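Reader: I am in my first year and would like to look closely at a single part of this model, the places where the backbone does something unusual, and then see what lies around them. Could you take me through that slowly, one step at a time?

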Amino acid sequence: MRSLRPWAVLWAATALALLTTVLIPSSPTAASARGKPAFATQPAKAALARLLPRHVSQFTLVPVRRPASGDYFTVSGRAGHVRVQGTSPAVLLSGVNWYLKYTAKVDIGWPGRSTAKLPRTLPAPARPVRKDASVPHRFALNDTDDGYSGAYRDWASYEKQIDLLALHGVNEVFVQMGADAVYYETLQEFGYSKDELRSWIPGPAHQPWWLMQNMSGFAGPVSERLIEDRARLGRRIADRLRRLGMTPVLPGYYGTVPPGFTEKNSTGPVVPQGTWVGFERPDWLDPRSPVFPRVAASFYRHQRELFGDSTMYKMDLLHEGGRPGDVPVPDAAKAVMDALQTARPGAVWTLIGWQKNPSPQIIDAVDKSRLLIVDGLSDRYDGLDRETTWHGAPYAFGTIPNFGGHTTIGANTAVWTERFDQWRTKPGSALSGIAYLPEGTGGNPVAYELFTELAWRTRPVDHRAWYSAYAERRYGGADPAAARAWELLRQGPYSTPSGSWSESQDSLFAARPRLNATTAASWSPGAMRYDPSTVQRALAELLKVAPALRTTDAYRFDLVDVARQALANRSRTLLPLIRAAYEAGDLPRFRERAAEWKRDLALLDRLLATDTRFLLGPWLEDAKSWGGTEAERAAAEFDARSILTTWGHRSGSDTGGLRDYANREWSGLVSDFYAMRWTTYLDSLDTALATGRAPVPIDWFALENAWNHQRGSYPVRASGDPVALATAVLDALPASGTDGRSADGPVTARPVS
């Protein structure tokens, strides 16, 4: 880290100059009259105008050239005149965010903000600050993000996402929007008709798994107009990232082809890939074949025409159970890399660290300096040695604190603050980045903020002190109740350990009904990962926050989210009580507990309705907005509904276990889908107890898929009082530990449907 002593001299010797906002360079790399500016600051200024329209004029943004040591920013100035220097437009925004957090003490979270508490005149920094990036790669977005965060978002939504990524220091962003257009144009050159390709490409909400070679076709066919519109939006996203000095990480080509490729191209043998959780996987074109380089060249040519160039390309060979057949994996990897380097010399092949991916056979077959592994498991398991496992290949310390876009709160944040610095500074470390990889974004704002800040810390983070500072700025002012609430949340859902999971348990209200349910999604934790009383007590503290701070957007979001989580956690103690009453044949007690379950669902839906970020309506309206005809609107709505519920067809949903993988507690989804299922089920058990007969079997997929095909509208605006409904939730919850066991406790056996 460069010495700050010259700054101290400038601060003392040029006070008058600073008062008149004269731009004094802090280093030989500063842009000045001596040469051309390092870059245009207008993209950063425009983002700042969107983020802080009332205060943008009080910031002076100064470009500096990036030294060999990497990105950095500085913050200085006086009241009403804040000066930020940075090595890219996005880094300038990172400097602004540091000022907002640690001088102005307000928060722009993802989601939730407290900037309404900013004074008319911005406060002066106490002293000049310089922050250097501790790692060069600051990567964001999982392959699944478009599917679980919203495949039908508009430009305004993506623009906001990009602003928030830049503000928090991210410099590499995975962009898959419009990738279908590249395949569509490429494969027409290899014998496929437009109709064949439009039937092969799945609906937008399911395209991430098509790009990962897991499935195809579902929720299609897509229209040519939809393909073109998605390509235009993808280009707009990529261009905005470039203007901010960020890298759009684009999908690369590694061999995915539609059925019948060899029949159309005799020199292109394929390897059938079998199935993926109930779906037939696309074929894999042998990368050693004479036709593979031609397909790849066409792919990269069309991609350049549609989206421009990049220096990073994301692709994962044989993802989640792919079959190499008779193709030697090293030979395949070399051919894939050769095709990439031919089209984009010097480009970096980006892979995800997940399960056994990437194979050492891939790593050892190519130039490791042209690889970056974004590790999705850094905080999940113990005993990891990435340098040994990946043979010294560069990697980014990553986390997947969210699967399927679940609304559950929590993350292994204490693992991050300890492990990241240990891994980064150990002898021979190959760690060269961070990778924020939730499967769905837009939740857990404290986790996003802490994780991305790691990249701007060159020393270990004090976990408790960091949360204390966060509590002070989150609602725009210090408040003892807020401090107590966030300390409880830190101790509970945000201090879950490594060893087996990186996200918290999901809600049993969202589970396909059964009395022995322990998860909603098939691959979620089956037990509480923290003491649930921490959330309930945090809710009580949040309800004591001073009225002046309750007006902030961040407070309203957090209050609803914590109240939602407290009620969701209740599902894990209430369901065993319902089961016990049923198995004891105690009809009055069963009805009492079942009625409580139904009341909780109704209360949950009313609570969620108070915040637009917990509404189903916008998700569905976004989907319908992309349709040009009634048939297209219906197809898009089915695509958007099904990803949340059955996920796919009967085989994928039931046999594959994908149902409710993307469960989330949203108003509308709770009342019309989850409550509908539980009411149907509990009423059937009531009838069974009353008549002495076995419960009538229920075809759950048929019931769920019927909802997927509905066309009803849902509210897109919030309604109700979040404070009143959060209070109602607290009142409805029993005192901690007063009524028995969790869903994981022993229960006597009795057959249930």
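Author: Let us begin with Leu318, which has a relative accessibility of 17% and therefore counts as buried, since the cut-off for that word is under 20%. Please keep in mind throughout that this is a predicted model. Leu318 sits in the loop between β13 (312–314) and α13 (329–343), and its phi is near 55°, a positive value in a residue other than glycine. That deserves attention because most residues other than glycine have a negative phi.

Gln355 offers a second case, for it too is not a glycine and yet has a positive phi of about 55°. Its setting is the loop between β14 and α14, and because its relative accessibility is 51%, Gln355 counts as exposed, a word that calls for a value over 50%. One of these two residues is thus buried, namely Leu318, whereas Gln355 is exposed.

The loop between β14 (348–353) and α14 (360–365) also holds Pro358, and the peptide bond that leads from Asn357 to Pro358 is cis, with omega near -5°. Another cis peptide bond joins Gly220 and Pro221, where omega is about -5°, and Pro221 belongs to the loop between α9 (207–211) and α10 (224–243). Such bonds are worth marking on the structure, because most peptide bonds are trans.

From these loops we can turn to the interior. The largest nonpolar core has 232 residues, and the members that touch the most others are Phe59, Tyr253, Leu317, Trp349, Trp597 and Trp647. Helix α21 (residues 553–583) supplies the largest share of this core, with 14 residues. If you select Trp647 and leave aside residues up to four places away in sequence, you will find that it touches, among others, Tyr148, His206, Trp209, Met215, Phe218, Trp276 and Tyr661.

Another loop to visit is the one between α19 and α20 (533–542), where Leu508 is found. With a relative accessibility of 0%, Leu508 counts as buried, and although 61 residues separate Leu508 from Asn569 in sequence, their C-alpha atoms are 8.3 Å apart in space.

The remaining step concerns helices that pack against one another. Helix α17 (residues 445–453) packs against α18 at an angle of about 125°, with the axes 12 Å apart, and the two are therefore oblique to each other. Their crossing is right-handed. In this contact, Pro445, Val446, Glu449, Leu450 and Glu453 of α17 meet His463, Trp466, Tyr467, Tyr470, Arg473 and Arg474 of α18, a group that divides into six nonpolar, one polar and four charged residues.

Helix α18 (residues 463–474) also packs against helix α19 (residues 480–491), here at an angle of about 140° and with the axes 9 Å apart. That angle makes α18 oblique to α19, and this crossing is right-handed as well. On the α18 side the contact is made by His463, Arg464, Tyr467, Tyr470, Ala471 and Arg474, while α19 contributes Ala482, Ala483, Trp486, Glu487 and Arg490. Sorted by class, the contact of α18 with α19 has six nonpolar, one polar and four charged residues. As you compare the lists, notice that Tyr467 and Tyr470 of α18 take part in the contact with α17 and also in the contact with α19.

Notes: Residues are numbered from 1 along each chain as its sequence is written. This is a predicted model: local features need pLDDT of at least 70, side-chain atom pairs count only at pLDDT 80 or more; totals for chains, interfaces and linings use all residues. Side-chain values use heavy atoms; hydrogens and water are left out. Axes are lines fitted to C-alpha atoms, for helices over the stretch in contact, and angles run from 0 to 180 degrees between N-to-C directions. Helices (H or I, at least four residues) and strands (E, at least two) are DSSP runs, numbered from the N terminus. Angles under 35 degrees count as roughly parallel, over 145 as roughly antiparallel, 65 to 115 as roughly perpendicular and the rest as oblique. A crossing is left-handed if the near helix is turned anticlockwise from the far one by less than a right angle, and right-handed if clockwise. Contact means heavy atoms within 4.5 Å. Ala, Val, Leu, Ile, Met, Phe, Trp, Tyr, Cys and Pro count as nonpolar, Asp, Glu, Lys and Arg as charged, and the others, Gly among them, as polar. A nonpolar core is a set of buried Ala, Val, Leu, Ile, Met, Phe, Trp, Tyr and Cys residues joined through side-chain atoms within 4.5 Å. Buried means under 20% relative accessible area, exposed over 50%, partly exposed in between (1.4 Å probe, protein chains only).
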